[in-house]
Amino acid sequence: MDTILFLFSLFVLALFLGVELITKVPPTLHTPLMAGANAISGITIVGAILAAGADTSSTLVHALGFIAVTMATLNVVGGYLVTNRMLAMFKRKS
Amino acid sequence: MNITIVNLAYLLAAVLFILGIKGLTRPKTAVRGNMLSATGMLIAVVVTLLDRSILTYDFIVAGLVVGGVIGAVMALKVKMTAMPQMVALLNGSGGGASLGLAAASYLQSLERADFGTGAIAVLAVFFVAVTVIIGAVTLTGSLVAFAKLQEIIPGKPLGFAGMRYLNGVLFLASLAGLAMLIANPGNTPLFWLTVAVAAVLGLTLVLPIGGADMPVVIALLNSYSGIAAAAAGFIMGNTVLIIAGSLVGTSGLILTKIMCVAMNRSLTNVLFGVMGEVG
């Protein structure tokens, strides 16, 4: 129970930090910021890796683990590349 | 790998994510911010791959290769004008990943019959249910946003006048599924039914919203995928998932609000899938 309380504290503090991080964002950066934050939400890849690597004989669990790692990797790799491309274009314009 | 080193690496990754988001809010620092955040992600992934609880690498490597190749090809080939739908697709993929990992760990816990006892057991099932519900809504909602922007389905609002009541009913039904799963964790048909209800809710939340409002919807769904990742962090007892997920959850919500103001839209209408004007 102590562990959950510790994790819950982290959760609440990070929620507040997320609110404070974003203040004024110029409209040109709305989409890149959204894409960049989207790539960070791909952090679920860490959980997906742990779930896919667990010891089990169930084919369904293996399949779900594989799907989770695939989708999370797609999110992470695609997310960072897309954000980078958008920012590169933004730079040329200014 | 030593658990202390793992946790310190996760802390470093979390700090890099914070600096990354901060950097992305200003034109001067945006490129560096994205690099910092990507570095944080790489550190988190590498450290996790060395985790001693991993017993088989087959499915991990296969998933990393398949997802990495598809993601890279899509990201490099997509036209700049198609970026919003690309982000929607990637976001849906993230939601799907949280859904998949939560379902996998739920079935594993059933297999080993180790949900724990008392409050721990209740919370374990609660986190699984919350993750699959938000993950499923993010997955199907993002797919609708993608389909609308890609003009696979009409961009105009689809649905009927009282659709928000249907959304309300579906929302309550998924909460009922959550409550019943806590009472009876072993009920797998109920588990999949809850997933299905949440998946339908994702569809009905986004279908009534016009194409012009889609960027706001994608920003909101991005916030959801962050919360799904944080909830998944509670399932796995993983600090970096919780920190990064909740950061994206609230920063995404603030960005959604900012975008609503910039586009002169109502946040509550977007939140509850109320029919918007034709876009």
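This is a short tour of the contact between chain A and chain B, followed by the aromatic pairs. The model is predicted.

**Stop 1: the two sides**

Colour chain A and chain B separately. Select the residues of each chain that touch the other. You should pick up 96 residues from chain B and 76 residues from chain A. The area buried between the two chains is about 7500 Å². Carbon and sulfur atoms give 80% of that area.

Now show Leu24(B), Met41(B) and Phe59(B) as sticks. In chain B, these three lose the most area to chain A. Together they make up 8% of what that side buries.

**Stop 2: polar links**

Stay between the chains. How many salt bridges are there between chain B and chain A? The count is zero. Polar contacts are another matter. Between chain B and chain A, 17 residue pairs are in polar contact, counting pairs with both residues at pLDDT 80 or more.

**Stop 3: the helices of chain B**

Switch to a cartoon view of chain B. Several helices give two or more residues to the side that touches chain A. Select them by range:

- helix 1 (3-24), helix 2 (30-49) and helix 3 (58-77) of chain B are among them
- helix 4 (83-112) and helix 5 (118-149) of chain B also belong to the list
- helix 8 (214-236) and helix 9 (239-263) of chain B complete it

Pause on helix 4 of chain B. This helix gives the largest share of that side, 18 residues. Next, colour the side of chain B that touches chain A by residue class. It has 63 nonpolar, 27 polar and six charged residues.

**Stop 4: a stacked pair**

Turn to the rings. Over all chains, the whole structure has six aromatic pairs. Select Phe127(B) and Phe234(B). Their ring centres are 4.6 Å apart and their planes lie at 20°, so the pair is stacked. Phe127(B) sits in helix 5 of chain B and Phe234(B) in helix 8 of chain B, so the pair ties together parts 107 residues apart in sequence. Both Phe127(B) and Phe234(B) are buried.

**Stop 5: an edge-to-face pair**

Move to Phe191(B) and Trp192(B). This aromatic pair is edge-to-face, with 5.0 Å centre to centre and 80° between the planes. Is Phe191(B) buried or exposed? Phe191(B) is buried, at 0% relative accessibility. Trp192(B) has 34% relative accessibility and counts as partly exposed.

**Stop 6: the ring cluster**

Finish with five residues in one selection. Add Phe8(A), Phe11(A) and Phe126(B) to Phe127(B) and Phe234(B). Ring pairs link these residues into a cluster.

How values were computed. Residues numbered from 1 in each chain as written. Chains lettered and ligands numbered in written order. Predicted model: local features only at pLDDT ≥ 70, side-chain atom pairs only at ≥ 80, totals over all residues. Heavy atoms only, no water. Contact = heavy atoms within 4.5 Å. Buried area = accessible area lost by both parts, 1.4 Å probe. Salt bridge = Lys/Arg side-chain N within 4 Å of Asp/Glu carboxyl O. Polar contact = N/O pair within 3.5 Å; in protein donor to acceptor, adjacent residues only side chain to side chain. Helix = DSSP H or I, 4+ residues; strand = E, 2+ residues; numbered from the N terminus. Nonpolar A, V, L, I, M, F, W, Y, C, P; charged D, E, K, R; others polar. Phe/Tyr/Trp six-rings, centres within 6.5 Å; stacked < 30°, edge-to-face > 60°. Buried < 20%, exposed > 50% of the residue type's maximum accessible area, 1.4 Å probe, protein only.
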